[in-house]
Amino acid sequence: MEDTEPQPVSDQDQTPDPLLSSLDIFLFSLIAGLLIYWFFFRKKVEPIPEMKPFTLVTAPIRETSFIEKMKKTNRSVVVFYGSQTGTGEEFANRLSKDAHRYGMKGMAADPEEYDMSELSRLKEIPKSMAVFCMATYGEGDPTDNAQEFYDWLQGTDDDLEGVNFAVFGLGNKTYEHYNAMGKYTDKRLAELGGKRVFDLGLGDDDSNLEEDFISWKEQFWPAVCEYFGVEATGEDSSIRQFELVVHNDINMNQVYTGEMGRLKSFQTQKPPFDAKNPFLASVAVNRKLNKGGNRHLMHIELDITESKIRYDSGDHVAVYPTNDSAMVNRIGERLGVDLDAVISLKNLDEESNKKHPFPCPTTYRTALTHYLDINNMPRTNVLYELAQYASDPQEQENMRKMASASPEGKALYQSWVLDSERNILAILEDLPSLNPPIDHLCELLPRLQARYYSIASSSKVHPHCIHICAVVIEYNTKTGRVFKGVATNWLKGKHVTDNGHKPTVPMYVRRSQFRLPFKPSNPVIMIGPGTGIAPFMGFIQERAWRKEQGKDVGETILYFGCRHSNEDFLYQQELEEFERAGVLTQLNVAFSRDQEQKVYVQHLLKKNKQQLWKLIHTDNAHIYVCGDARNMARDVHAAFSEIAEQEGRLTHTQALDYFKKLMTKGRYSQDVWS
């Protein structure tokens with residue numbers, strides 16, 4: 001064995017050292033351990049993803065300065081419109097086109113799309129003018145698209161000196177605040193220093209709005225010419241606003257099929273839902289309400305589950321109907337066109353915000369079915385533009401005459417179009433030499449508008465369902481044709497099939513000021529004959545729900561009217577059940593034709609005058625009226641005034657002022673139509 005003590009040896013005799021010393025073994029073990037830890041136990045560092053170059057994509061900026069746009073496009077006339085149903089916009093477009101005939105260049109503009117605080121800059125443009133076609137909506141309110149402009153008018157103190165303006169108001173005399181928006185706009189612009197070029201025009205839709213507009217327009221343009229020292233150019237030829245583009249080879253996934261805004265929005269529904277993005281609600285119930293008679297009154301329930309749509313009692317539901325397919329086919333046959341051709345109507349004015357008159361590309365069939373109003377009587381400008389396509393001189397002369405402001409022309413338009421209720425199809429059928437290009441016809445026809453119905457349910461009781469109560473419109477006209485209301489006949493056909501298939505309805509909810517009192521303990525007096533009962537079904541349901549919640553609910557009184565007790569007593573079973581449950585404290589029904597002398601809701605009001613006056617004057621009751629504006633609402637208002645005179649010892653003037661104050665306080669509310 002080896003010695004433990006080292007011995008001195010020569011180089012030749014030295015034995016070799018071991019390959020690994022203790023230190024080497026230690027270091028080797030340490031390194032091996034570290035390697036094992038590195039590969040098997042350490043937390044791996046996440047790889048840093050490679051950053052791809054980021055490109056900022058900006059949406060095209062819409063021009064909000066109408067002044068800069070007018071300067072850029074060499075325009076001197078801007079026509080703003082406040083429009084709820086499209087008529088105000090239509091009038092604005094007609095005025096802007098008319099400017100061309102007087103040596104000017106005009107543009108129609110939506111005040112919602114522009115900065116209206118720039119109005120004071122209009123004087124920067126020589127011989128310039130702003131025209132306002134302002135419709136009044138509801139109880140003297142501005143239309144939705146004019147709300148911001150109205151707010152600005154109320155709050156601004158801008159100096160409008162040097163700004164030339166004119167106003168035409170669109171209203172309806174059956175309403176309390178007739179043409180309030182037009183009157184206010186005209187008055188306020190003058191107060192701010194604007195120069196009124198021509199007198200305020202007031203159109204009455206209860207009489208003949210078209211005639212009012214034509215009469216005003218015929219005097220307006222000569223006054224403008226005199227004011228600016230210009231002359232009419234004499235160019236009365238048709239001015240096309242859109243050009244036809246035919247798509248012979250197009251992917252049908254890029255073609256609109258009835259959508260209001262986003263392409264394929266009906267296939268992939270995305271909230272929020274509004275006028276440009278309606279929700280496709282399925283029809284859960286569609287039943288006939290009346291037990292007899294020759295009318296069809298219906299109760300429809302729309303399923304809004306998964307839509308996130310919220311509503312309150314008193315709100316309105318808007319539905320987008322479609323035109324009768326048979327009528328669309330007859331127009332196609334009469335004009336000899338292929339309705340399934342894919343087309344676009346492209347605005348000739350590249351600077352215009354309105355690129356198309358309706359969603360494009362689409363087919364003529366879709367346009368006539370979903371987008372254009374083919375059922376109502378066309379306005380005089382449509383007749384004027386189409387007259388050039390009548391080959392018979394007499395037919396052409398009559399069409400131009402009806403579009404004129406002459407007494408003879410107005411009378412002919414009134415009798416031949418309005419009184420005879422001739423829509424565009426009837427006109428084409430009764431004027432055999434008239435053969436307009438279908439693209440020009442589509443350019444001229446107004447848009448098919450949504451129809452609004454008072455919601456007949458409470459979201460407290462029916463959170464996922466909206467109820468509609470409506471009467472189907474159908475009658476014979478003087479020409480022997482059958483007039484059918486577009487929306488009600490379309491809704492009538494929306495039945496759940498035997499195999500469970502549920503048809504759909506494009507819809508959205510529009511908010512209303514027609515609201516129950518904040519305090520449930522306040523008494524409510526509801527007057528709603530016929531389908532005017534709709535919002536009160538929601539009110540009564542909500543009062544019943546409040547009562548179930550243990551709330552103190554005040555008296556709930558309903559005055560309903562119908563023709564016959566055994567025919568059209570709408571919701572009779574439900575109302576009588578509410579009465580038995582004590583929710584409806586008083587149910588008063590006027591059956592107008594069950595006796596020799598007709599009895600209406602206003603007669604029942606007068607019978608209960610003492611009780612009603614106490615509720616109104618002492619108990620802070622809220623009054624609600626829903627239904628016909630032309631007769632019923634006026635008669636009911638007169639009845640309340642009479643009650644105030646007799647029971648409150650007020651003069652006639654004092655009684656009128658009394659109820660005006662109630663309206664101002666929100667204690668006399670109306671949801672009426674004409």
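Visitor: Which residues does UniProt list for "domain: Flavodoxin-like"?

Guide: The unreviewed UniProt entry gives residues 77-221 for this domain. The model shown here is predicted. Over that stretch the chain is 32% helix and 24% strand, and its end C-alpha atoms are 12 Å apart.

Visitor: How do you know that strand 3 is mostly covered?

Guide: Eight of the nine residues of strand 3 are buried, and buried requires a relative accessible area under 20%.

Visitor: What makes strand 1 and strand 3 a pair?

Guide: Two strands count as paired if at least two bridges are found between them. Strand 1 (residues 77-82) and strand 3 run parallel and are joined by six bridges, so the criterion of at least two is met. Phe80 has Phe132 of strand 3 as its bridge partner. Strand 3 is also joined to strand 5 by six bridges, again in parallel; there, Ala130 is partnered by Phe165 of strand 5.

Visitor: In which sense do strand 3 and strand 4 pair?

Guide: Strand 3 and strand 4 pair in the antiparallel sense over two bridges, and two is sufficient because the criterion asks for at least two. Tyr137 has Asp141 of strand 4 as its bridge partner. The hairpin formed by these strands has three residues between them, and Gly138 takes a positive phi near 65° there.

Visitor: How do you know that the length of helix 5 agrees with the span it should have?

Guide: Helix 5 (residues 180-191) has 12 residues, which at 1.5 Å a residue should span 16 Å; its end C-alpha atoms are 16 Å apart, so the two values agree. Met181, Gly182, Thr185, Asp186, Arg188 and Leu189 of this helix are buried. Among the elements covering these buried residues are strand 3 (129-137), helix 4 (147-155) and strand 5 (164-171). Gly193, which follows helix 5, has a positive phi near 105°.

Visitor: Why does Glu385 count as buried?

Guide: Glu385 has 6% relative accessibility, and the limit for a buried residue is under 20%; Glu385 therefore counts as buried. Glu385 is placed in helix 9 (residues 380-386).

Visitor: What makes the approach of Glu385 and Lys97 a polar contact?

Guide: The distance joining the side chains of Glu385 and Lys97 is 3.4 Å. A polar contact requires N or O atoms within 3.5 Å, one able to donate a hydrogen and the other to accept it, and the pair is accordingly listed as a polar contact.

Visitor: Which residues does UniProt place under the feature "binding site"?

Guide: The unreviewed entry names Arg295, Thr531, Ser592, Arg593, Lys598, Val599, Tyr600, Val601, Gln602 and Asp635. They span 341 residues in sequence, and the farthest two C-alpha atoms are 24.4 Å apart, so they do not all gather at one spot.

Visitor: Why is Ser592 buried, and why is Asp635 called partly exposed?

Guide: Ser592 has a relative accessible area of 6%, which falls under the 20% limit for buried residues. The residue is placed in the loop between strand 21 (586-591) and helix 17 (601-607), and residues it touches include Cys562, Arg563 and Tyr600. Asp635 has a relative accessible area of 36%; partly exposed covers values between the 20% and 50% limits, so Asp635 is partly exposed. Asp635 lies in helix 19 (residues 629-647).

Visitor: In what order do the five strands of the open sheet lie?

Guide: The order is 21-20-19-22-23, with parallel pairing. Strand 21 and strand 23 (668-673) stand at the edges: each has a single partner strand, so one side of each is left without a neighbour in the sheet. Neighbouring strands are turned by 10° against each other on average, direction ignored. Helix 18 (residues 609-617) packs on this sheet, touching strands 19, 20, 21 and 22, and its direction makes about 130° with that of strand 20. Helix 20 (residues 652-664) also packs on the sheet, touching strand 22 and strand 23, at about 85° to the direction of strand 23.

Visitor: What value has phi of Tyr571, and is this residue buried or exposed?

Guide: Phi of Tyr571 is near 55°, a positive value in a residue other than glycine. Tyr571 has a relative accessible area of 5%, under the 20% limit, and is therefore buried. Its place is the loop between strand 20 and helix 16 (572-580).

Technical notes: Residues are numbered from 1 along each chain as its sequence is written. This is a predicted model: local features need pLDDT of at least 70, side-chain atom pairs count only at pLDDT 80 or more; totals for chains, interfaces and linings use all residues. Side-chain values use heavy atoms; hydrogens and water are left out. UniProt positions are given in the numbering used here, feature names are shortened, and annotations may be inferred rather than shown by experiment. Helices (H or I, at least four residues) and strands (E, at least two) are DSSP runs, numbered from the N terminus. Buried means under 20% relative accessible area, exposed over 50%, partly exposed in between (1.4 Å probe, protein chains only). The expected span of a helix is 1.5 Å times one less than its number of residues. Contact means heavy atoms within 4.5 Å. Axes are lines fitted to C-alpha atoms, for helices over the stretch in contact, and angles run from 0 to 180 degrees between N-to-C directions. Lists of a residue's contacts leave out its neighbours within four places in sequence.
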